[in-house]
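Let's take a walk through a protein model, one piece at a time. Keep the 3D view open and turn it as you read.

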Amino acid sequence: MTNEVLLDFNNVTMQFGGVTALSDVSVKIFRGEILGLIGPNGAGKTTCFNVMTGVYQPTQGSVVFNGSDITKLKRFQITQSGIARTFQNIRLFSEMTAVENVMVGADARKTSSIPAALLRTKHQRAEEKESYDRSMELLALMGIADRASDAARNLPYGYQRRLEIARALATEPELLCLDEPAAGFNPAEKQQLNELILKIRDQGYTVLLIEHDMSVVMNVSDRVAVLDFGKKIAEGLPSEVRSNPDVIAAYLGVPDDAA
Ligand SMILES: Nc1ncnc2c1ncn2[C@@H]1O[C@H](COP(=O)(O)OP(=O)(O)OP(=O)(O)O)[C@@H](O)[C@H]1O
Ligand SMILES: [Mg+2]
C-alpha cells in the first residue's frame with residue numbers, strides 16, 4: 001500500500017425516492033491496498049460500487065479516480081478509465097465458454113473499429129490472438145483454466161465466481177471491486193479465495209472488497225471501512241475495527257452501551 005490516493009469517494013449521498021442508501025459517505029482507497037468494505041444487509045455497500053462505476057449518479061458528492069472527477073462519466077468510460085467490478089449476483093454470458101467470457105472483458109479495452117472487425121484485418125486477428133492468450137493467462141491465475149472451453153452455465157458455482165473476477169481483470173483495471181465474491185462459499189473455499197485476492201493485489205492491482213462475513217474480510221484486508229444504514233461508522237486497521245463498539249453493535253443489532 002502506498003500513500004497515493006487512487007480513488008476518493010467524497011461526501012456521497014445517494015437517495016432513491018424516500019430511501020437514503022448512502023448518507024454523506026467519504027472513503028479514500030490507496031493505491032496497492034486491499035480495502036474491505038463491510039456492513040450488515042442493506043448498509044449501502046453495493047450502492048457504493050454502483051456510484052463508483054457510474055450505474056447511479058449520486059444525489060450529492062463526487063468520485064475522483066486517479067486525480068480525475070469521474071462522477072458524471074458513463075459506465076463504459078469508467079471501465080476504460082480503469083475501474084472493474086464483479087456483481088453480487090453472478091452475471092456471466094451463460095452460453096459462452098469461460099475463455100470467451102474473459103475475452104469480452106478484454107474487448108472493453110480494444111481499439112479495432114467495427115468495419116475493421118468485419119474485414120478481419122491482420123491487426124484485428126492479432127488483437128484477437130492477444131486477447132485469447134491474455135484471457136487464458138487470467139483463467140490460469142484464477143485456477144480455472146482446465147475448464148476454459150466449457151460453457152459458463154456448466155461450470156461449478158465456485159468456478160463461475162472466479163470467472164467473473166477473471167473477466168473483470170481482463171479490462172486491465174487499476175482498481176478491482178469485488179462484491180461479495182465469497183458469497184455461498186464454505187470456509188475452505190473462502191480461505192482459497194482470500195489467497196487469490198492477495199495474489200491479485202501482489203500483481204499490482206488495488207482491491208476494494210465487499211464482504212458480509214466479517215471474519216473473511218479481516219484476514220485479507222489492509223484496512224476496513226464499515227457502513228451501517230448508509231453511514232460510515234468506522235474505518236481503520238482490521239484490529240481496530242474489530243474491537244470498535246459501534247461495529248459490534250451494528251453486527252449484533254444491540255445498542256452501543258450493551259455491546
Ligand atoms: N435502485 C434502488 N432503488 C431503491 N432502493 C435501492 C436501490 N438500490 C439500493 N437501494 C436501497 O438502498 C439500501 C442499500 O442497499 P445496498 O444494496 O447498497 O446494500 P448492501 O450493503 O449491498 O446490502 P447486502 O449486504 O444485502 O448486499 C437498501 O435499503 C436498498 O433497498
Ligand atoms: Mg450488496
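Start with helix H1: seven of its eight residues are buried, so the helix is largely enclosed by the rest of the structure. The buried ones are Lys-45, Thr-47, Cys-48, Phe-49, Asn-50, Val-51 and Met-52. Bear in mind that what you're looking at is a predicted model.

What does H1 lie across? The helix crosses E1, E2 and strand E4 (60-65), and it runs at about 110 degrees to E1. Just after H1 you'll find Gly-54, which takes a positive phi of about 80 degrees.

**The four-stranded sheet**

The strands under H1 bring us to an open sheet. Four strands make it up, in the order E2-E1-E4-E5, with antiparallel pairing. E2 and strand E5 (68-69) are its edge strands, each pairing on one side only. Eight bridges link strand E1 (residues 5-16) with E2 in the antiparallel sense. If you want a spot to zoom in on, look for Met-14, which stands opposite Leu-22 in E2.

**Around ligand 1**

H1 and E2 turn up again here. Strand E2 (19-30) and helix H1 (45-52) each supply at least two residues of the shell around ligand 1. Which element gives the most? That's H1, with three residues. The shell holds 13 residues, and the ones that come nearest are Phe-16, Ala-21, Lys-45, Thr-46 and Thr-47. Sorted by class, the shell has four nonpolar, eight polar and one charged residues.

**The six-stranded sheet**

Now for another open sheet. This one has six strands in the order E6-E7-E8-E3-E9-E10, and the pairing is mixed. Strand E6 (83-85) and strand E10 (231-236) stand at the edges with a single partner strand each, so one side of each has no neighbour in the sheet. From one strand to the next, the twist averages 20 degrees.

Here are three of the strand pairs, each with a pair of facing residues to look for:

| Strand pair | Direction | Bridges | Facing residues |
|---|---|---|---|
| E6 and E7 | parallel | three bridges | Ala-84 and Leu-176 |
| E7 and E8 | parallel | five bridges | Cys-177 and Leu-208 |
| E3 and E8 | parallel | five bridges | Gly-36 and Leu-209 |

Is E7 enclosed or open to the outside? Five of its five residues are buried, so E7 is largely enclosed by the rest of the structure. In a regular strand, side chains alternate between the two faces of the sheet. You can check both faces of E7: Leu-175, Cys-177 and Asp-179 are buried on one side, and Leu-176 and Leu-178 are buried on the other.

A helix belongs in this picture too. H7 lies across E3, E7 and E8, and runs at about 155 degrees to E8.

**Two domains**

Time to zoom out. The protein is divided into domain 1 (1-82 + 174-259) and domain 2 (93-172). Their C-alpha centres lie 27 Å apart. Where they meet, nine residues of domain 1 are in contact with 10 residues of domain 2. Which elements of domain 1 give two or more residues to that side? They are helix H2 (75-81), strand E7 (175-179) and helix H7 (187-202). The residues on this side of domain 1 divide into five nonpolar, three polar and one charged.

**Helix H3 and Met-96**

Last stop: helix H3 (residues 98-107). This helix is mostly covered, with seven of its 10 residues buried. Those residues are Ala-98, Val-99, Asn-101, Val-102, Met-103, Gly-105 and Ala-106. They pack against helix H5 (122-141) and helix H6 (157-169).

Met-96 sits in the loop between E6 and H3. Why does Met-96 count as partly exposed? Because it has 15 C-beta neighbours inside 10 Å, while a buried residue would need 20 or more and an exposed one would have 12 or fewer. Leaving out residues up to four places away in sequence, Met-96 touches Asn-101, Ala-151 and Ala-152. Asn-101 is one of the buried residues of H3. For a sense of distance, pick out Met-96 and Met-214: they are 118 residues apart along the chain, and their C-alpha atoms are separated by 34 Å.

Definitions and conventions. Residues numbered from 1 in each chain as written. Chains lettered and ligands numbered in written order. Predicted model: local features only at pLDDT ≥ 70, side-chain atom pairs only at ≥ 80, totals over all residues. Domains from an automatic or database assignment. Contact = placed C-beta atoms within 7 Å. Nonpolar A, V, L, I, M, F, W, Y, C, P; charged D, E, K, R; others polar. Near = placed C-beta within 6 Å. Pairing = 2+ DSSP bridges. Axes fitted to C-alpha atoms, helices over the stretch in contact; angles between N-to-C directions.
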